[in-house]
Amino acid sequence: MTHAIGALAIAASAGWLAAAGVALLGGTRRVGLGACAVLSGAGGVAAVVCGVLLAVHGAGTTLHLGAGPVGAATFRIAPLAAPFILLLGLVAVAIALYGPRYHEPGRGTAMYLAVYNLALLASLAVLSAGNVVAFLVAWESMALLCYLLILRHHERPGVAEGAFLFIALSEIGFLMIVLAFAILATQTGTLDLAGIAARASRVGAGWRSAAYVLALCGFGFKAGLVPFHIWLPAAHPVAPADGSAFLSGLVIKLGVYGIALFGFVLVPGGPAWWGLVTMGFGAISAVLGILYALMERDLKRFLAYSSIENIGIIVTALGAGMTFTAYGQRAIGVFLLIVALYHTVNHGTYKTLLFLEAGVIEHTSGTRDLDRLGGLIRRLPRTAVICLIGTVAIAALPPLNGFVSEWMLFQGLFQGFRISSHLVGILIVIAGALIALTGGLAINAFARAYGIPFLGMPRSGQAANAGETRQPVAGPALLAGACVFLGIGAPLVLTALDRVARATTGLDIRSELLVPKLTVIPAHTDFSGFSPTYLALFLLAITAVPILIFLAGRPRARSRRPPVWDGGILEFKPRMQYTATTHANPVRVTFEPLYRPSVHVERASDDPAGRSGPVHYRFQVTPIFDRYLYRPVIRLVRALANLARPIQSGDVNLYLFYVFVVVLIAYAVYASN
Amino acid sequence: MAVDERGLELDTVSTELRRRALRLFGRSLHIRTVDSGSCAVCESEIRLLAAPHYDLHRLGFFFTPAPRHADLLMVTGPAVRAADNLLLKAYDATPDPKAVIAVGACALGGVYPEDSLVHGAIDRVLPVDVFVPGCPPSPLALLQGLLVAVGRLEERVGALSLDLDAGSAG
Amino acid sequence: MSAPGPPKALNGDGASLLPRADRIHTERVETTRLASLSHVLATEHGARLADLFADDGADGQIVLRSVYALDHESRYLVLECEIDRDRFPPLSDLDPAAFVEECEIYEQYGIRPDGVRRLNRVLVPPHRADRFPRLGRREGLRLARDYEPHVVTGEAFEFPFGPVRVTGWESLYMGLVTTGEEVLDLYLFHWHKHRGLDHRLRGLEPERATFFAERADGLSSVGDTLAFCRAVEMATGSEVPAPAAHTRAVALELERIYNHAAAVAAMCQTTGLSVGQARSEIVLERLLRCNLAAFGHRYLFGVVSPGGVRREPDAEEIRRQLPGILDEFRYVVDALLVTNSHVDRLESTGIVTPGNAHRLSLVGPVARGSGQAIDVRRDHPTGPGDEPVPVVQVQPAGDALARMRVMVAEVEEAARLIDAHLGEAGAGSEPLAGGGGAGLGWAESPRGEALAWVSLDGDGRIDGVRLRPASVRNWRAFDDAARAQNVFTDIPIIEASFWLTVAGFAR
Amino acid sequence: MAFWFYRGVRKGIATTRYPSTVDPWARGLPSAPGFHAARLTIPLVDRLVGECPAGALTREDQELVVDLGRCTGCGRCLELGTGAVRSTGEFLLATSDRAALIKRVPIRGDREASGGG
């Protein structure tokens, strides 16, 4: 079995490598795109199977590859990576199905697809890295390749800025990750991850904490935790649709993987405050993510903020799990780890779906601005159905996957009372309350994000002329199917995740997770429980009742369908519909101190004569992290750089003089010893 | 038979049928008012129907804001052509069976002759079931119109003779 | 204003051009001087632009008339200006109060103010513009698409309300431009109710025309008809017998009382105080019955006629019924003013600032609720000379509550006036002196100053007429009031507190 | 709110008893005009027709045709035709039959005058 897992991983890598090559050679022709997609998809299938086997088998495998300058690169596929590898494969397959119809053949596309397939490979390398060097090299390659992905349309406005923000924050994060690994490597004296994990308990508490906090922040940059999140809304909209899908569906999950790796594998059993800090980051990210999402008019920026929210939910689960573990509630701790992994897969599935469909909407109607869309349900019916599934899933409505994982998260958090410390218990319940607020706002946000573009009348000519012939369907449809399976098939998924958790933490909670087989319970038999499968059946049944009644009792007399009553106006104008902003207006008013909105109104009637005419209303949220956190830092760096400017004259003789002085000082210091 | 601008035939044949159906509404009939260019006085009298002195609820009539929920349209004004749209839309939006009451002398052709601004009478635009004359019709006359519309009161005008000498001369 | 005599601008040598007794002065001015004159009038003489309208004779010569009220001198000043081109000097640049009238002139005569500003659609419906009869007698009038478009951009939307609205309220389209709660702007379309009365009255004899003038705005029928009849009387130089003048005053005050009671009832309806609404509607109904008993019509139609009155009041009935009704009204109002749920909704709702009220030349309770002491009964008396002068009720706040307080105080004042007039009121009508001429008439209708301008041809038939009910003036402040930091649900309250009619605006 | 209730109760019932009985105040309402056929002459009718601003009166040969739907109850015909025209007091004129509102009154004044003479 382990050999099969290794072979599949190698097959996936080979597939993606080959796909990159084919893309480079044949990406200028449609056939080349197809071939590349087939190879990439095959690699994805291999990765999916690899992930499933890994989870089911519950044990990893190790590969040694040649010797590098700092030692051999070891690759070890551990069970913790199983959900991530599965997700990687799923995203790869969906994008492979989607890509050929989305991209036009050409040099840019050829380069892009090559980079993308290499990025898949690099991601797999991150997930299967066995030692520090392999991990760091893979991580940095992944980051650089993603940077290139974002730069696909570098000539367009905003792309360079978005990509720069991505790479800049990624590098800061990378620095922290390097430091975290450096601390562990020096303190344990090994570069092998398994070795670090084995000896971590002997490392001093201070070093361990430093390493964990650095890792949390470093991976937080990639995952998009608030306040490290600002690259997401900048980079996502400018990348191609499948690139954004890959970024949100998978790349940010690598940050989650990193946090889980440190928190549960490399330095497990940390003190409670690690968990509380992690949970705090998560809960705040979740609330702020969805609050900013609600104010967003750009569909892809909206989805990016929603990703921040979901990462927040996942990290809350991880942090709460660590806290429970620290207080001896290991079963709930493991349960919450399972929840985090489950939600990771779920979010990867539906967010990829939504980003891919956002690409379809942008292609067919030429805009991502919600206030220029509308009525797409008539023009893009297939997209509408698939998007509806994704939206219901991400809004955490039963019976789809988002509901199951969020329900489980709440069940975990609400058991805060089992912790001996009242303060910590209350903190956990507060996190639960914040996540509940997030859930409520998310329903609002996704009702808006689905309702505004799909329902009503088109708000622009482009939206009115949209059509979906020759638009990709299979990729998003596959993901929609996955959403349904992950929801209704929750018991199966949980069984697999339980094996992953058992292999990672050494505790099997299957008997406190599934009774009897189809009912999910939250690690304690006396708390609560529900069965996603029966719920789905029940929902289907109660939906069938009104349909049957309607069919049976259909009126025999001819009925008349007059137009909607509009008060007798001459014509109904698209501008008489709720806009995206007005839909979120109650939230905006409630959270005004947070948004600090700047409002700009121009209207003909400001002329004091009883005149009426055009009205223009613009509303902007103050980006508080950008303005009050990053700008001051940037200003400070600039000021320091300015201070250093006098010594940078550009004169070669002066620089030689500097060298001379430094050498002199070095000698002096050496001599004094 | 009135024909509207879209060529839709507004059938007057089934008027009797509709009246019989309205009778079935018995003591729960919902009214929507439409103003097609009145001088605001008919509106004032209609508003007073709901006031304590007349209290049309005791007779089972109710005002409703949406024609979708209405059984009966009370139309005032001389059917200004600029208001065709709202008149026809309101009529269209009212579910069958329905009735139209033309309220006031304007609505019956009394004040404004037909010209390029007004139709001059409601029955040139919509099939009217009950006519309530008066400028304005007093709330009592309006109540009578409503009761006549649902067949709960016999109309009196048929038997009325304006020839004051008729009795003695005959 | 202390200085009597004509404005200096009109009269270079400073000599008195018109005797103090003249209540109207008409002056022909050159097009080029119009703008500077109106500037001087507004700034130096405190003149209020009461109306602006055009008229064209059979020869097609368009004459622009601007009517200024010199309230402190008890005079109206009519500036007549012959327009030779398709353009005329834009008065609204100096005096915003002229804007709606400029739009009307453009719609009816095809001439527009100079400048690049676009105009608003007032009475010509967009979907029937080509088949629409206009006042202008010029053939082949075609309007350019010179209207300001009503487009909403950015993140707001237009919430369509109407034209078919609340039961028993007139057809009026309100486009509420909103972000969900606050009202950013308000589009009002009145044209659903335009019956072309100015158009219809042409060629009629004044007596017959009165029948239509009564129906321009049925709820201020007496005020509007009185203004019209006075214009006719001035045009023909007729005098009204003193008893008839007193009767007119009685009818006018009765109309004011029932309208203000109706406004109070409407305010209760819009603040959701059903009990208060029912109680004030009882008062309203009793007032209407009192009207019926006094004059034979619930809304006082057919009382005023050119040259006098057609009916005399039943003084007995008024004295018998009115005090009791007013007692009940006071009782209701006292209760209303201590009902917090009512007062709180009215307070600081729909504020019209004194500055705006002045700038837009508002009239009636709306102006008086914003600190403008304007009342043509006091400022431009017309009666036989011995009539009691009303005390003008003013409130400074400019909100809906201020308007309600003004109305309530005016009911008391009206009752006092009725009492004073009733003793001398009687029937009587002088036949109109024949012949042509032009005249301006005014009256303080319940909604404020109603104006009418009439020109009669040689046979005594109407050649040109301009009816300007008070609603025409005051609607223009409505969107301002609605916009001032109000939310959606305040709009009906503001509408009730303005208590205007669409019929009066669209006529 | 309680004092509103108390005040309302104290005032008693204001509601009309219509349709059981017609309120006495309503007798003063403008109502349909009635005509003494015997006192109508063609010149008088023509003057009445000319005077009616609502166009409710027309003459068809020897008959005065009154359209009660158009009548606004303004009372001009009552003033003009003193003796021949007076109010009928009937104001409850609602009908489902538009034609029922059109009344014909024979003009008998001339005939009787000529017959008598």
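How many residues does the contact take from chain C, and how many from chain B? Let's start there, and please keep in mind that we are looking at a predicted model.

The contact takes 32 residues from chain C and 32 residues from chain B. On the chain C side of this contact with chain B, helix H7, residues 274-295, gives the most, with four residues. If you sort the residues on that side of chain C by class, you get 14 nonpolar, eight polar and ten charged.

Now turn to where chain B touches chain D. Here the contact takes 39 residues from chain B and 40 residues from chain D. Look at the chain B side: strand E5 (130-132) and helix H4 (139-149) of chain B each supply at least two residues. Which of the elements gives the largest share of the side of chain B that touches chain D? That is H4(B), with seven residues. By class, this side of chain B divides into 22 nonpolar, eight polar and nine charged residues.

Next, let's go inside chain A. Its domain assignment gives domain 1 (1-173 + 239-266), domain 2 (269-509) and domain 3 (624-672). Notice that domain 1 of chain A is written as two stretches of sequence. The C-alpha centres of domain 1 and domain 2 of chain A lie 22 Å apart. Their contact takes 34 residues from domain 1 of chain A and 43 residues from domain 2 of chain A. On the domain 1 side, helices H2 (30-57), H3 (82-102) and H10 (241-266) of chain A each supply at least two residues. H10(A) provides the largest share of that side, 15 residues. The classes on the domain 1 side that touches domain 2 of chain A are 26 nonpolar, five polar and three charged.

Back to chain C, and to some strands. Find strand E4 of chain C, residues 75-83. Strand E1 of chain C, residues 24-29, runs parallel to E4(C), and six bridges join them. As a landmark, His25(C) stands opposite Leu77(C) in E4(C). E4(C) also pairs with strand E3 of chain C, residues 62-70, this time in the antiparallel sense and over nine bridges. The landmark for that pairing is Ile62(C), which stands opposite Ile83(C) in E4(C). E3(C) and E4(C) form a hairpin with four residues between the strands, and in this hairpin Ser74(C) takes a positive phi near 55°.

Let's zoom in on one residue of strand E4 of chain C, Val78(C). Is Val78(C) buried, exposed or partly exposed? Val78(C) has 18 other C-beta atoms within 10 Å, so it counts as partly exposed; buried would need 20 or more. Leaving out residues up to four places away in sequence, Val78(C) touches Ile24(C), Thr26(C), Arg65(C), Val67(C) and Leu440(C). Have a look at that last partner: Val78(C) and Leu440(C) are 362 residues apart along the chain, yet their C-alpha atoms are separated by 8.9 Å.

My last stop is a helix, H5 of chain C, residues 221-236. Why should H5(C) span 22 Å? The reason is that H5(C) has 16 residues, counted at 1.5 Å a residue. Its end C-alpha atoms are indeed 22 Å apart, which agrees. H5(C) is also mostly covered, as 16 of its 16 residues are buried. Right after H5(C) comes Gly237(C), which has a positive phi, near 70°.

That's my tour, and thanks for listening!

Definitions and conventions
Residues are numbered from 1 along each chain as its sequence is written. Chains are lettered from A and ligands numbered from 1 in the order in which they are written. This is a predicted model: local features need pLDDT of at least 70, side-chain atom pairs count only at pLDDT 80 or more; totals for chains, interfaces and linings use all residues. Two strands pair if DSSP finds at least two bridges between them. Two residues are in contact if their C-beta atoms, placed from the backbone, lie within 7 Å. Ala, Val, Leu, Ile, Met, Phe, Trp, Tyr, Cys and Pro count as nonpolar, Asp, Glu, Lys and Arg as charged, and the others, Gly among them, as polar. Domain bounds come from an automatic or database domain assignment. The expected span of a helix is 1.5 Å times one less than its number of residues. A residue is buried if 20 or more other C-beta atoms lie within 10 Å of its own, exposed if 12 or fewer, and partly exposed in between; C-beta atoms are placed from the backbone.
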